[in-house]
Amino acid sequence: MHVVRTIAKIRKLRPSLTGSVGLVPTMGYLHQGHLALVKQARMENSAVVVSIYVNPPQFGPGEDFGAYPRDLRRDLELLEQEKTDIVFVPCDEEMYPPRFGSWVNVEKVTESLEGASRPGHFRGVATVCAKLFNIVQPTRAYFGQKDAQQAIVIKRLVADLNMNLEVVVVPTVRESDGLAVSSRNIYLSPEERQAATVLFKALSLAKQLWQEGEKDGEKIRRQMVWVIQREPLAKIDYVSIADSNTLQELKHVGRCGLASLAVRIGKARLIDNVILE
């Protein structure tokens, strides 16, 4: 496994990767969700590249950039076990050198949900992913369904800019009680960790209602809010029933929708979603 810290070095190594190449972009502090992406990339490609980079532009003022958990040594040990070919670990100066001034803005699908709550977030995400795609030149890039809006944004980016790669979205990995695996779960105290199960309870209710024939988007949203508000430690950021492609809120939920939410529990801001199909 090669651990590479410069763009020049990864470009020098890239021709040695014959056949298809899978890229897994991460911010490190790897968990089972990340490793599910790596495992699928390993199964579907001749070579696997994983990037580890906590990307400053996707964090807003007052967000947890400085406190975001990091453990590079452990990450590298896990990736070695998964037979990763290259791990790209750039520094800020490598990714955003002096006088850097080119940014990628994906419109419409970035304007609601996380985009509304975290202005500028998706400009940072789209820019760093565009750079990684250009640096690594992967055949496929892997993202988790837990960050549903991010996956939609990246798909739009790739389609709009005619990038020659496939975006693969891997199902959310969950704990036994339904909580989506996330690096930010480390922020939760034992009491808060128990309270956090309310996210999956609300999403499960939304899916149950829809499967039982409820197609009124507002009624489903109200039931989700009711479940969350019964948990004293939970503070709602947003609750959404939207089109799974455009992310426009739905009055009528037809053949396919996306139930998603963002909830603050203690200092952790947690997101999750389920597809209604």
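I began with the secondary structure: the protein chain has 10 helices and 9 strands. I note here that the model is predicted.

Overall dimensions came next. I looked up the radius of gyration of the protein chain and found 19 Å. A compact globule of 277 residues would come out near 19 Å, so the value agrees. Along the principal axes, the C-alpha atoms occupy a box of roughly 55 × 40 × 40 Å.

Then I turned to burial and surface. Of the 277 residues in the protein chain, 53% are buried. The exposed area of the protein chain is about 13,600 Å², and I read off that carbon and sulfur atoms supply 49% of that area.

For contacts, I took those between residues at least 6 apart in sequence; 73% of them join residues at least 24 apart.

I counted charged side chains as well. The protein chain carries 36 positive and 32 negative ones. I compared the centres of the two sets and found them 3 Å apart.

Last, the cysteines. How many disulfides does a search of the whole structure find? I recorded 0. Cys-129 is in no disulfide, and its nearest cysteine sulfur belongs to Cys-91, 18 Å away. A disulfide needs the two sulfur atoms within 2.5 Å, so that pair does not qualify.

Is Cys-129 buried or exposed? Its relative accessible area is 5%, so I entered Cys-129 as buried. Cys-256 has 30% relative accessibility and therefore went down as partly exposed.

Definitions and conventions: Residues are numbered from 1 along each chain as its sequence is written. This is a predicted model: local features need pLDDT of at least 70, side-chain atom pairs count only at pLDDT 80 or more; totals for chains, interfaces and linings use all residues. Side-chain values use heavy atoms; hydrogens and water are left out. Helices (H or I, at least four residues) and strands (E, at least two) are DSSP runs, numbered from the N terminus. The radius of gyration is taken over C-alpha atoms; the globule rule is 2.2 Å times the number of residues to the power 0.38. Buried means under 20% relative accessible area, exposed over 50%, partly exposed in between (1.4 Å probe, protein chains only). Contact means heavy atoms within 4.5 Å. Accessible areas come from the Shrake-Rupley method with a 1.4 Å probe; for residues, only the protein chains shown count as cover. Lys and Arg count as positive and Asp and Glu as negative; His and the chain ends are not counted. The place of a charge is taken as NZ of Lys, CZ of Arg, CG of Asp or CD of Glu.
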